[in-house]
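Dear colleague,

I am passing on the structure we spoke of, with the sequence alongside. Please have both open while you read the notes underneath.

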Amino acid sequence: QIHIIDFDDENNIINKNVLLHQVGEIWHISTSPADKGVLATCYNKTSDSKVMTCAAVWRMPKELESGSHESPDDSSSNAQTLELLCHLDNTAHGNMACVMWEPMGDGKKIISLADNNVLLWDLQESSAKAVLSSSAALEGKGQLKFTSGRWSPHHSCTQIATANDTSVRGWDTRSMRQIYCIENAHGQLVRDLDFNPNKQYYLASCGDDCKVKFWDTRNVTEPVKTLEEHSHWVWNVRYNHSHDQLILTGSSDSRVILSNMVSISSEPFGHMVDDDELSDQEDQHQEEKIKEPAQDSVIATYEEHEDSVYAVEWSSADPWLFASLSYDGRLVINRVPRALKYHILL
């Protein structure tokens, strides 16, 4: 199933609508940047006693796109079905790990990672058909498999980053060639990546060594910063879309941690103050304040989950709202603490 969660902010009520995904259990989900009714899933299906992970593009029913605050009376009898737009036909390339939409695009370009292949698809005829436009394969010893990837919103959307085993690689989507490689980015498997939305060379990674690392892709020998707050595998790392100093991580230690990474954000010294506003005395005091960068810190640790947290995500509509999801099926919606919000805004 796919659940469309509707959060009524004013009354703090959560409603949900259930959509049936009849082709198999879902392992990854991603939504089109251009059409809010369209999404892609990676799912398991069994054929000839083998389990394959496939991917498909779907449209949800029209009435659910608007986000009405009414919950159906009885959701079990009211489950609707997703409309299949097209399959990303990948049986030749292996098992799909994830699907990424071009971030700023018109919803026509998709990259999927299947075993050791990077595949670029063109969605045609209003997404009813997917055509493979180019691909690249990971060369090397052993069974190479991608675990996750992220499409960079910078450089006119011509770069993606992928994770396989302990490495992070950058690719140019025009030539499908590798542009950088962070060989041992983590001591163990890399689980997730995210690009800083406001600083074009900055990338965050997290993994099974319990660490979150921040990289400048122009110099990949050392991470710019490392966070070691979790006590088990870190499954997810997410930059806030509006205030990139806010970093969200979720882990198998059942915790969600909100960090304030000011020193590597796009506003490392806070916002500058106009000289005209200050008297002489204040002036000197203010100058000292501006010179000293703010300290990076953990803002809050959320412990509402009782099981491994597999996903954390910022709201795309409200920069102070985020959700997390754990193995036991619990979804938690939280806000950035008010004091920090005003500190950032004022």
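What follows goes from the whole chain to one strand with its neighbours, and then to a single loop residue.

Please keep in mind throughout that this is a predicted model. The secondary structure of the protein consists of three helices and 26 strands, and of its 346 residues 47% count as buried. The accessible surface comes to about 17,700 Å², with 45% of that area belonging to carbon and sulfur atoms. As for the contacts between residues at least 6 apart in sequence, 47% of them join residues that are at least 24 apart.

The strand I looked at in some detail is β14, which covers residues 167–172 and is mostly covered, six of its six residues being buried. Its side chains divide between two directions: Ser167, Arg169 and Trp171 point one way, while Val168, Gly170 and Asp172 point the other way, and all of these residues are buried.

β14 has a paired strand before it in sequence, β13 (residues 159–164), to which it is joined by six bridges in an antiparallel arrangement. Within that pairing, Ile160 stands opposite Trp171 of β14. The two strands form a hairpin with two residues between them, and Asp165 in this hairpin takes a positive phi near 55 degrees.

β14 also pairs with β15 (residues 177–182), again in the antiparallel sense, here over five bridges. Trp171 appears in this pairing too, where its bridge partner in β15 is Gln178, so that Trp171 has Ile160 opposite it in β13 and Gln178 as its partner in β15. The hairpin of β14 and β15 has four residues between the strands, and Met176, in the turn, has a positive phi of about 55 degrees.

The last item concerns Ser315, which is placed in the loop between β24 (309–314) and β25 (321–326). Is this loop residue buried or exposed? Ser315 counts as buried because its relative accessibility is 19%, and the cut-off for that class is under 20%. The side chain of Ser315 reaches the backbone nitrogen of Ala317 at 3.0 Å. Leaving aside residues up to four places away in sequence, Ser315 touches His241, Leu321 and Phe322.

With best regards

Terms used:
Residues are numbered from 1 along each chain as its sequence is written. This is a predicted model: local features need pLDDT of at least 70, side-chain atom pairs count only at pLDDT 80 or more; totals for chains, interfaces and linings use all residues. Side-chain values use heavy atoms; hydrogens and water are left out. Buried means under 20% relative accessible area, exposed over 50%, partly exposed in between (1.4 Å probe, protein chains only). Contact means heavy atoms within 4.5 Å. Accessible areas come from the Shrake-Rupley method with a 1.4 Å probe; for residues, only the protein chains shown count as cover. A polar contact is a pair of N or O atoms within 3.5 Å; within protein, one must be able to donate a hydrogen and the other to accept it, and residues adjacent in sequence count only if both atoms are side-chain atoms. Two strands pair if DSSP finds at least two bridges between them.
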